[in-house]
Amino acid sequence: MNAPVTTRTTCPYCGVGCGVLTTREVDGSVTIKGDPEHPANFGKLCSKGTALGETLSLDGRLLYPEIAGASASWDEALDLVTRRFSDAIAEHGPDSVALYVSGQLLTEDYYVANKLMKGFIGSANIDTNSRLCMASSVAAHRRAFGTDTVPGTYADLYEADLVVLVGSNFAWCHPVLFQRLLAARERKGTRIIVIDPRRTMTADAADLHLALEPDSDVALFNGLLAYLDWAGARDDAYTAAHVTGMDAALAAAKALTLSDIAHETGLSERDISAFYGEFAVNAKVVTVFSQGVNQSVTGTDKANAIINCHLLTGRIGKPGASPFSITGQPNAMGGREVGGLANMLAAHMAIEDEAARDRVQRFWGSPTIATKPGLKAVDLFRAVAEGKIKALWIMATNPADSLPEADSVQEALKACPFVVVSDIVRHTDTTRFAHVLLPALGWGEKDGTVTNSERRISRQRGFLAAPGEARADWWQLAEVARRMGFSGFEYANAAAIFREHAALSAFENEGARDFDIGVHAEISTGDFEQLAPFQWPQPKGATAMESRFFGEGQFFTPDRKARMIATPVAASSKLRSAAFPLWLNTGRIRDQWHTMTRTAKTPRLMGHYGEPFCEIHPEDAEAVGVAPASLVWVETAHGQAIARALITERQRRGSVFLPMHWTDQFASRARADALVNAATDPVSGQPGLKRTPVMIRPYAAGWYGFAVMASDPGPVGDTYWAKAPIEGGTRIELAGAAPPADWQGFARQLFGLTAEAGEWIAYFDREAGIVRLAAFEGDRLVGALFVAPEPVALSRAFIAGALPEKHAGSARYRLLAGQGGADRPDVGAILCACFQVGVNEISAAIRAGHATVEAIGVALKAGTNCGSCRSEIRRMVDESRFEKAV
């Protein structure tokens with residue numbers, strides 16, 4: 001390569017679907033920028049997207065097929081997969097096999113998987129990890145609109161006068177859209193209301209924050225519906241022409257008084273009334289809802305209660321007015337379009353519709369078609385545990401960690417007769433159960449399309465060569481299909497699959513179905529390569545299409561009217577048992593993604609939170625004797641975790657929060673979903689990941705430790721440990737009950753040194769229980785260990801930053817003391833991941849007179865890229881002003 005090559009592609013993280021410009025430099029490195037021409041982000045990227053170029057190494061990649069842990073050829077591996085699936089089908093029927101896939105797949109991968117299972121094997125036992133994040137929204141859309149249609153667009157956030165964020169930490173989980181919302185407020189005074197039990201960074205930016213009792217959303221929105229009707233906000237013309245079910249929905253809503261709603265939600269009547277009043281008077285209102293709504297055993301009713309309010313007022317499908325389900329994964333929407341869920345057919349057709357089944361079977365020319373919904377994710381793995389599933393193929397996901405009651409899922413995988421895993425990573429908590437491992441292409445290598453939350457289809461393009469023998473997921477599936485004797489899988493490339501997908505969307509459609517991209521049914525491979533982002537629908541022969549749905553009705557029910565759904569408040573008890581007196585809430589944090597197989601490859605994204613933590617209200621912590629920064633056991637009826645105690649009033653009393661990301665690859669015991677109850681929503685099958693009865697208690701540590709080393713230590717015996725990459729090596733937090741008899745021996749093992757290796761310096765205060773050790777080879781630091789009887793009070797950023805530097809003379813002893821010289825001040829914990837700016841630097845800038853978020857940005861660049869740290873910077877500025885005032 002003689003000159004840099006720039007490729008337009010799409011980010012592989014959340015459902016915003018940001019455009020990315022990747023430039024392959026002459027030296028082989030890759031630089032990342034936001035695509036200023038992409039309508040999802042206009043050049044902006046979040047901290048994760050900005051760091052994509054740092055996650056492309058082949059460290060830890062699965063590069064070759066394996067059978068029983070040994071390398072194999074593709075023919076050997078695919079022949080075995082074909083034989084075991086075929087044998088299971090022949091002996092036990094098509095429902096004895098299953099696929100579990102992922103919102104990380106491209107639409108073309110999803111399409112081939114769905115076609116193989118439902119049209120050729122003849123079972124709907126194909127489900128996706130998207131079941132865990134947006135299935136309740138899908139179910140609510142189908143109940144209300146007749147199909148899974150997202151009515152609004154991102155532009156509505158800019159045009160609304162009021163934006164209500166429900167169960168969405170928008171600032172951290174969809175930061176690029178959040179910054180667009182804040183820009184709208186700056187421009188036109190948009191009001192923001194946040195409904196979330198936690199005081200998140202999103203809530204800090206709200207004009208009103210409603211910290212409601214977990215899972216009380218139905219009561220809150222039923223009350224809103226009744227209030228809107230009472231206040232005269234009903235759009236009589238719209239409801240008369242386009243809505244049915246209104247009387248039953250209103251009757252259910254009016255069953256609660258304001259006092260009842262306050263009791264159910266734990267909110268004050270004043271705050272409830274303020275919310276209702278603002279919603280009623282603002283015609284341009286968008287309600288954004290995400291996992292706090294969906295991940296609930298009442299998630300479908302929650303979503304329908306929200307949609308009811310928009311249908312009653314006619315505030316749907318109009319500029320600045322719609323209910324808006326924001327997806328969590330980059331291609332959850334694409335999976336929905338091709339029927340990746342067990343209860344759907346391709347192209348948004350319903351599996352329970354006999355005419356639709358006939359239509360799809362005729363289009364595919366398939367020998368059969370699934371006649372009933374398959375097993376949804378939680379039920380699918382229960383069936384694995386019960387021995388009903390004889391062969392299981394997992395693609396691009398890590399269910400051993402991400403499904404609820406994850407310890408039981410691991411037991412199910414261990415017992416399954418045949419497990420295939422297609423992945424890019426060799427070692428995950430799921431791959432260890434695989435009989436066959438198939439190396440897949442990763443981001444930057446694979447080619448196809450994804451669909452974002454506003455129905456915009458964008459290209460993901462490869463700009464790196466396939467490593468080792470990795471192959472596209474769709475190719476793997478098509479090869480097995482052909483080996484099973486099926487025709488119709490002779491695809492030359494992703495463009496051929498996209499053409500077929502587009503043609504099916506238009507087949508016998510004529511406006512009867514929402515999803516139609518028939519204009520692309522004959523797209524050439526060259527045009528597919530150049531395909532610009534577009535928003536569906538785009539039927540064949542259409543010129544300009546309205547980007548929103550339902551502003552003028554035309555729903556996809558038999559009578560073309562929307563259904564308002566009665567959502568009576570469930571009789572679920574608020575009471576928690578004496579054994580488990582709190583609620584466990586789980587979710588994402590700013591700089592991490594799913595189970596960290598990509599994000600944990602770069603130190604930049606581990607600087608904000610480098611180990612698992614548990615947010616606890618001060619009164620709940622005090623009640624059980626948990627001290628700040630100590631370790632805490634988090635325990636439910638299903639499992640246990642150990643995490644760092646983050647004691648804060650931002651957490652609602654009676655609830656704790658545990659991030660979902662950590663696995664056995666990165667911490668000794670921190671798999672959050674091992675603790676979560678597997679109860680599901682009866683309509684959607686989505687598990688309630690936000691409310692499980694839980695207890696906390698102190699972890700009885702006899703010592704705490706922190707270490708950095710040039711190696712990767714792997715698991716560390718029976719101690720507590722949590723590791724993260726840093727420049728030049730690894731950092732690790734440690735704790736244990738009884739101290740080792742030989743600290744230097746412990747450190748040698750940790751650093752990977754032989755008995756003779758290393759030049760050591762040490763400090764011991766045995767009476768105080770303080771140990772500090774550092775090992776050098778020449779002027780290079782090999783490792784440093786700091787031990788204390790309490791959590792080690794040293795700057796992690798300073799110690800980690802010392803690893804790649806040269807050390808001689810007094811510099812070694814300053815390191816052991818945890819103190820830099822004047823030339824190397826401690827930046828503190830990293831707050832801005834994009835520019836690696838620490839809290840001490842921001843505090844110094846505030847003291848120097850930079851008294852606004854904007855001024856901090858000018859001085860340090862912090863908050864000027866993705867903006868996801870701006871709420872935290874604003875809090876520091878506000879606290880400084882308060883301190884000066886008092």
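Contact here means heavy atoms within 4.5 Å, and with that cut-off in mind the tour of this predicted model can open at a single residue.

**Threonine 313**

Select threonine 313, whose place is in helix H15, the run of residues 299-313. Leaving aside residues up to four places away in sequence, threonine 313 touches Leu228, Ala233 and Asp235. Its side chain reaches the backbone oxygen of cysteine 309 at 2.9 Å, and you may wish to draw that distance before moving on. Is threonine 313 buried or exposed? Threonine 313 counts as buried because its relative accessibility is 6%, and the limit for that class is under 20%.

**Tyrosine 227 and tryptophan 230**

Next select tyrosine 227 together with tryptophan 230, which both lie in helix H9 (residues 217-230), three residues apart, or about one turn of the helix. The ring centres of tyrosine 227 and tryptophan 230 are 5.5 Å apart and the ring planes stand at 45°, so the pair is classed as tilted. The two residues can also be coloured by accessibility: tyrosine 227 is partly exposed at 25%, whereas tryptophan 230 is exposed at 69%.

**Other aromatic pairs**

Over the whole structure, a search finds 35 aromatic pairs. One of them joins phenylalanine 120 and phenylalanine 489, whose ring centres lie 4.9 Å apart with the planes at 70°, so this pair is edge-to-face. Which parts of the chain does this pair tie together? Phenylalanine 120 belongs to helix H3 (residues 107-121), while phenylalanine 489 is in the loop between H21 and helix H22 (494-506), so the pair ties together parts that are 369 residues apart in sequence. Both phenylalanine 120 and phenylalanine 489 are buried, and clipping the view may help in displaying them.

For a wider selection, take Phe145, Phe515, Trp536, Phe549, Phe550, Phe555 and Phe556, which ring pairs link into a cluster.

**Arginines over rings**

Two further stops show an arginine placed over an aromatic ring. At the first stop, the charged end of arginine 598 sits over the ring of tyrosine 13, at 5.3 Å from the ring centre. At the second stop, arginine 691 lies over the face of tryptophan 583, with 4.2 Å to the centre of the ring.

**Salt bridges**

Side chains of opposite charge can pair when their charged atoms come close. A search of the whole structure for salt bridges finds 59 of them, and three are worth selecting in turn.

Begin with arginine 483 and aspartate 79, whose side chains meet in a salt bridge with an N to O distance of 2.8 Å. How many residues apart are the two partners? They are 404 residues apart, with arginine 483 in helix H21 (residues 473-483) and aspartate 79 in helix H2 (residues 74-92), and the pair therefore links distant parts of the chain. Both partners are partly exposed, arginine 483 at 27% relative accessibility and aspartate 79 at 38%.

Move then to arginine 432 and aspartate 664, where the closest N and O atoms of the salt bridge are 3.5 Å apart. This pair, too, links distant parts of the chain, 232 residues apart: arginine 432 is in the loop between strand E15 (419-423) and strand E16 (436-439), and aspartate 664 is in the loop between strand E25 (655-659) and strand E26 (692-698). Arginine 432 is partly exposed at 44%, and aspartate 664 is partly exposed at 25%.

The third salt bridge joins arginine 456 and glutamate 454, at 2.9 Å from N to O. Arginine 456 is buried at 13% relative accessibility, and glutamate 454 is buried with a relative accessible area of 2%. To see how salt bridges can share partners, select Asp75, Asp79, Glu479, Arg482 and Arg483, which are joined in this way into one network.

**The sheet E17-E18-E19**

For the last stop, show the open sheet of three strands, in the order E17-E18-E19 and with antiparallel pairing. Strand E17 (448-451) and strand E19 (534-535) stand at the edges with a single partner strand each, so one side of each is left without a neighbour in the sheet. Strand E18 (residues 456-460) is joined to E19 by two bridges, and the two strands run antiparallel. Which residue of E19 stands opposite isoleucine 457? Selecting both sides of the pairing shows phenylalanine 534 in that place.

Key
Residues are numbered from 1 along each chain as its sequence is written. This is a predicted model: local features need pLDDT of at least 70, side-chain atom pairs count only at pLDDT 80 or more; totals for chains, interfaces and linings use all residues. Side-chain values use heavy atoms; hydrogens and water are left out. A salt bridge is a side-chain nitrogen of Lys or Arg within 4 Å of a carboxyl oxygen of Asp or Glu. Helices (H or I, at least four residues) and strands (E, at least two) are DSSP runs, numbered from the N terminus. Buried means under 20% relative accessible area, exposed over 50%, partly exposed in between (1.4 Å probe, protein chains only). Rings of Phe, Tyr and Trp (its six-membered ring) pair if their centres lie within 6.5 Å; planes under 30 degrees apart count as stacked, over 60 as edge-to-face and the rest as tilted. A charge sits over a ring if NZ of Lys or CZ of Arg is within 6 Å of the ring centre and within 35 degrees of the ring normal. A polar contact is a pair of N or O atoms within 3.5 Å; within protein, one must be able to donate a hydrogen and the other to accept it, and residues adjacent in sequence count only if both atoms are side-chain atoms. Two strands pair if DSSP finds at least two bridges between them.
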